[in-house]
Amino acid sequence: MSGRAIVITSGKGGVGKTTATANLGVGLAKHGRKVVMVDGDIGLRNLDIIMGLENRIVYHLVDVVRGRCQVRQALVKDKRFPNLCLLPASQVDQKEAITPEQMRDLTAQLREEFDFVLIDCPAGIEQGFRNAVAGADEAIVITTPDVSPVRDADRVIGLLQSSLGDPQLIINRLSTDMVRRGDMLNQQDVLDILAVRLLGIVPEDEEVVIAGNRGSPVILNARSRSGQAYERIVRRILGEEVAIPEFNGSGSLINRLGRLFLRR
Amino acid sequence: MSGGGEELFTIKGLKGGPTFLFNDQAPFAEVIKAVEEELARANGFFRDSPAILAFGSRVLSKEEWRTLKEILHREGLLLRYAVATEPASRELLYKEGLPVRDSLALSQENKKGPPTIKGSNALYLRRNLRSGQKEVFEGNVVLVGDVNQGAEILAGGDTIVFGTLRGVVHAGYPDNKEAVVIALNLIPLQLRIGPFIGRADEGQNHRRVQQPEIARVKDERIVIEPYHGDYRRP
């Protein structure tokens with residue numbers, strides 16, 4: 001049986017794609033699944049750092065596609081979970097070094113061996129995006145509850161719908177305080193605009209930054225709020241019904257945005 | 001072609017495209033031969049024409065159809081639909097992927113249709129327009145769904161959004177001041193009607209009004225009012 005290939009994407013950079021990929025990868029591995037994380041961000045490799053695996057890389061994705069090595073030679077085994085692997089990106093090549101067709105073939109090959117192929121998509125909607133999406137059959141879109149990432153997520157959802165159908169959504173870095181004060185879009189504001197299924201909400205949490213710098217994804221810290229949120233998301237991906245806690249305050253930023261024109 | 005007697009086939013230049021009326025009594029091999037000769041004489045005249053094929057009550061075999069189809073394709077004709085009365089022929093043509101109709105007369109009537117006035121056509125869409133997506137239509141646009149920020153509608157006439165309008169709509173493009181924009185939740189950052197542009201008032205703090213509203217041009221500026229279903233031209 002072939003595994004699930006899920007691309008994690010956002011349009012906007014810096015909203016937490018790589019962090020989410022790392023946490024979902026570790027989480028799924030914790031639940032006993034065979035997982036490979038593919039760093040699709042050729043030229044701007046990051047996933048290895050978040051995973052704390054940068055010193056183990058020998059070959060990378062472009063080497064595999066170019067036939068300079070076997071897939072298994074390029075896979076970096078995680079130091080915590082033997083059933084978790086990373087296929088690192090090349091740091092020296094350009095996005096154009098591979099084609100969507102090559103990505104499709106590579107993903108198909110990985111799906112034979114793994115239960116989950118998680119593809120970390122680069123920011124933007126150009127070739128890197130098309131490469132990352134090519135082999136996937138599901139998509140997770142990440143956004144923060146801010147106006148411009150939401151608009152970029154909307155654009156990406158529109159692009160995904162033509163090939164993969166409706167993606168699922170993770171709202172990252174939601175600040176309960178700011179929502180309560182009405183200074184941040186709340187969950188419902190975001191869902192009103194994006195109109196896709198909500199996979200989970202990850203609250204703002206400085207533990208994420210600390211974990212990233214330590215190379216130890218926050219999901220491994222069972223006491224952190226964000227780690228718990230990722231754990232719930234992982235269980236939802238595995239088909240469990242897990243309630244999404246409400247992070248809503250009373251105010252809504254949209255309600256405070258200006259109306260227009262002359263109204264009578 | 002056989003001299004004197006019934007023609008093996010005739011071509012009529014109807015509105016839907018050249019219509020081939022095949023004699024349904026003569027042996028089909030002769031008909032095919034005549035078609036082939038005629039098209040050769042036409043010297044590419046019918047290339048890329050949308051053709052209609054009328055078989056009358058002929059019982060068509062698969063081989064006969066394939067031979068005819070090959071000739072028509074070779075001459076570059078685009079087959080639109082067939083007219084046939086014999087059930088076996090209808091089934092064959094249908095299975096071969098060609099739409100089949102009952103009669104030519106009916107289809108000709110359909111061609112006429114109601115008289116069209118410029119701007120009286122509507123483009124009907126039932127989906128969300130997301131950021132980066134754009135719809136352009138010379139007539140009116142009716143969209144059941146949301147128009148998100150970063151999405152755009154450009155309509156020659158009115159625009160009606162059964163949902164939330166956050167993106168940019170230009171109704172009455174380029175200079176129709178009579179056009180209106182109606183939305184269940186009208187909260188765009190910019191709205192254009194004909195030559196006029198309205199912008200969101202950045203200073204004011206209004207609450208989101210959850211009621212249908214209508215935007216139109218009054219006294220040389222865009223005005224938004226609650227819409228109570230009493231639409232009439234200002």
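# Chatting through helix ends, salt bridges and odd backbone angles

Student: What comes after α10(A)?
Tutor: In this predicted model, α10(A) is followed by G215(A), a residue with a positive phi, near 70 degrees.

Student: And what happens at the start of that helix, α10 of chain A?
Tutor: There, a side-chain oxygen of D205(A) reaches to within 3.0 Å of the backbone nitrogen of E207(A). The helix itself covers residues 206-214.

Student: Okay, switching to charges. How many salt bridges are there over all chains?
Tutor: The count comes to 24. One of them pairs D154(A) with R130(B), at 2.8 Å from N to O.

Student: Where do those two residues, D154(A) and R130(B), sit?
Tutor: The pair crosses between chains. D154(A) is in helix α7 (residues 147-161) of chain A, and R130(B) is in the loop between β6 (122-125) and β7 (134-137) of chain B.

Student: Is D154(A) buried or exposed? And R130(B), buried or exposed?
Tutor: D154(A) counts as buried because its relative accessibility is 1%. R130(B) is buried too, at 1%.

Student: Which residue does E36(B) form a salt bridge with?
Tutor: That would be R74(B), with the closest N and O atoms 2.8 Å apart. E36(B) lies in helix α1 (residues 28-42) and R74(B) in helix α2 (residues 62-74), both of chain B, so the bridge ties together parts that are 38 residues apart in sequence. As for accessibility, E36(B) is partly exposed at 32%, and R74(B) is partly exposed at 43%.

Student: What about E225(B) and K218(B), how do their side chains meet?
Tutor: In a salt bridge, 3.0 Å from N to O. Salt bridges with shared partners also join R216(B), K218(B) and E225(B) into one network. E225(B) is buried, at 14%, while K218(B) is partly exposed, at 22%.

Student: New topic: backbone oddities. Which residues does a cis peptide bond join?
Tutor: Y173(B) and P174(B), with omega about 0 degrees. P174(B) is in the loop between β11 (168-171) and β12 (181-186) of chain B.

Student: Why would anyone pick out a cis bond or a positive phi?
Tutor: Because most peptide bonds are trans, and most residues other than glycine have a negative phi.

Student: So what is the phi of R173(A)?
Tutor: Positive, about 60 degrees, and R173(A) is not a glycine. R173(A) lies in strand β7 (residues 168-174) of chain A and is partly exposed, at 40%.

Student: And where is D219(B)?
Tutor: D219(B) is in the loop between β15 (213-218) and β16 (221-226) of chain B. Its phi is positive, about 50 degrees, though D219(B) is not a glycine. D219(B) counts as exposed because its relative accessible area is 70%.

Terms used:
Residues are numbered from 1 along each chain as its sequence is written. Chains are lettered from A and ligands numbered from 1 in the order in which they are written. This is a predicted model: local features need pLDDT of at least 70, side-chain atom pairs count only at pLDDT 80 or more; totals for chains, interfaces and linings use all residues. Side-chain values use heavy atoms; hydrogens and water are left out. A salt bridge is a side-chain nitrogen of Lys or Arg within 4 Å of a carboxyl oxygen of Asp or Glu. Helices (H or I, at least four residues) and strands (E, at least two) are DSSP runs, numbered from the N terminus. Buried means under 20% relative accessible area, exposed over 50%, partly exposed in between (1.4 Å probe, protein chains only). A polar contact is a pair of N or O atoms within 3.5 Å; within protein, one must be able to donate a hydrogen and the other to accept it, and residues adjacent in sequence count only if both atoms are side-chain atoms.
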